[in-house]
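Me: I should like to learn how to read the surroundings of a bound ligand. May we work through one structure together?

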Amino acid sequence: MPQTVMTRLISSEGLEARSKDLIDPEFTARRPDWIGGNISDYDVSFLSGLVSFARPKTSVEIGVASGWSSAVLLHALTKTLGKDGFNLHAIDLFEDFYLKPEYKTGQAVTEAVPQYLPNYKLHTGKIALEAMKDVGRVEFAFIDAHHYHPWAALDFLAVLPFMEKGRWVAFHDINLCTFERHKHTNRGPFYMFHMWQDTKLQSTQNPSMIGAVMLERQPQQYLRDLLEILHTPWELSLSPEDIESVVSFVGEHFGDAWKAKFADLCEKRNNDIHLAKAS
Ligand SMILES: C[S@@+](CC[C@H](N)C(=O)[O-])C[C@H]1O[C@@H](n2cnc3c(N)ncnc32)[C@H](O)[C@@H]1O
């Protein structure tokens, strides 16, 4: 059994136990057989238990793919808050399911749980730093998009000004980089979870693939931590457009002093990658 970080609020075992009342066999049987790259049944227990505990009226998921994790969130939220009690926004860069482009991003929702479509708003074609202006304030976020550092941290940055103290942000694939086959790549969610200084929970799976961090301070007080995480070497470079999104987002939400720090960060860490490629 891995070490599960206990909070004074709830344990991971407690969260996963809640899912027994949320994720029924009839729902699971509706999972389309074409999906892939989705969260596991272990992760489903943790994620559904977490939203039933946190009771968010508005949530955002970043990284949709087939839409199976969206379907899980919609089902758990409906059982917890009722069909008129919540909204789920879902952001993905691509219109089509990245593993099988013959299916649309989010199509599992339409196929498996069409009754939840009124509560679901899909935002495709934009990174979260651009899409969040159409989403607005949220009470819960689930981040499961690009796993190469710095993307999980940038997705966290994208939700930060739209959240309040006391809310939870879940990350998928928090230990993916420790798997032999990944050769220490896909480090983004690992850094976000393991460098988090405040309350956090991980699933009881060994190693855990899903975890969640709680905002115990005001959102802007996490910028210093985030900057430290973002200064660890990047696994891929950002395009000039993506850098512009980062820098202008920080300026708009957190002011010129932070804007200058993030501009310096992007220049330094992007240059490292270009220099490494050139050598
Ligand atoms: C691992 S899959 C998500 C799986 C999904 N959460 C599930 O469990 O069913 C990652 C998704 O992130 C999307 N993605 C990749 N880079 C992205 C980015 N920078 N911003 C938003 N979405 C991105 C991909 O198109 C892909 O659909």
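Reply: Let us begin with one contact: a polar side-chain atom of Asp 92 lies 2.6 Å from an oxygen atom of the ligand. A polar contact here is a pair of N or O atoms within 3.5 Å. Taken alone, the ligand exposes 610 Å², of which the protein buries 94%; accessible areas come from the Shrake-Rupley method with a 1.4 Å probe. The model is predicted: local features need pLDDT of at least 70, side-chain atom pairs count only at pLDDT 80 or more, and totals for chains, interfaces and linings use all residues. Residues are numbered from 1 along each chain as its sequence is written, and side-chain values use heavy atoms, leaving out hydrogens and water.

Me: Which atoms of Ser 69 and Ala 65 lie by the ligand, and at what distances?

Reply: For Ser 69, a polar side-chain atom is 2.8 Å from a ligand nitrogen atom. Ala 65 instead places a backbone N or O atom 3.1 Å from an oxygen atom of the ligand.

Me: How many residues of each class are in the shell around the ligand?

Reply: Ala, Val, Leu, Ile, Met, Phe, Trp, Tyr, Cys and Pro count as nonpolar, Asp, Glu, Lys and Arg as charged, and the others, Gly among them, as polar. On that basis, the shell has 10 nonpolar, five polar and three charged residues.

Me: How many disulfides does the structure hold?

Reply: A disulfide is a pair of cysteine sulfur atoms within 2.5 Å. The structure holds zero disulfides.

Me: Why does Cys 177 count as buried?

Reply: Buried means under 20% relative accessible area (1.4 Å probe, protein chains only). Cys 177 counts as buried because its relative accessibility is 2%. Cys 266 is likewise buried, with a relative accessible area of 1%.

Key: Polar contact = N/O pair within 3.5 Å; in protein donor to acceptor, adjacent residues only side chain to side chain. Buried < 20%, exposed > 50% of the residue type's maximum accessible area, 1.4 Å probe, protein only.
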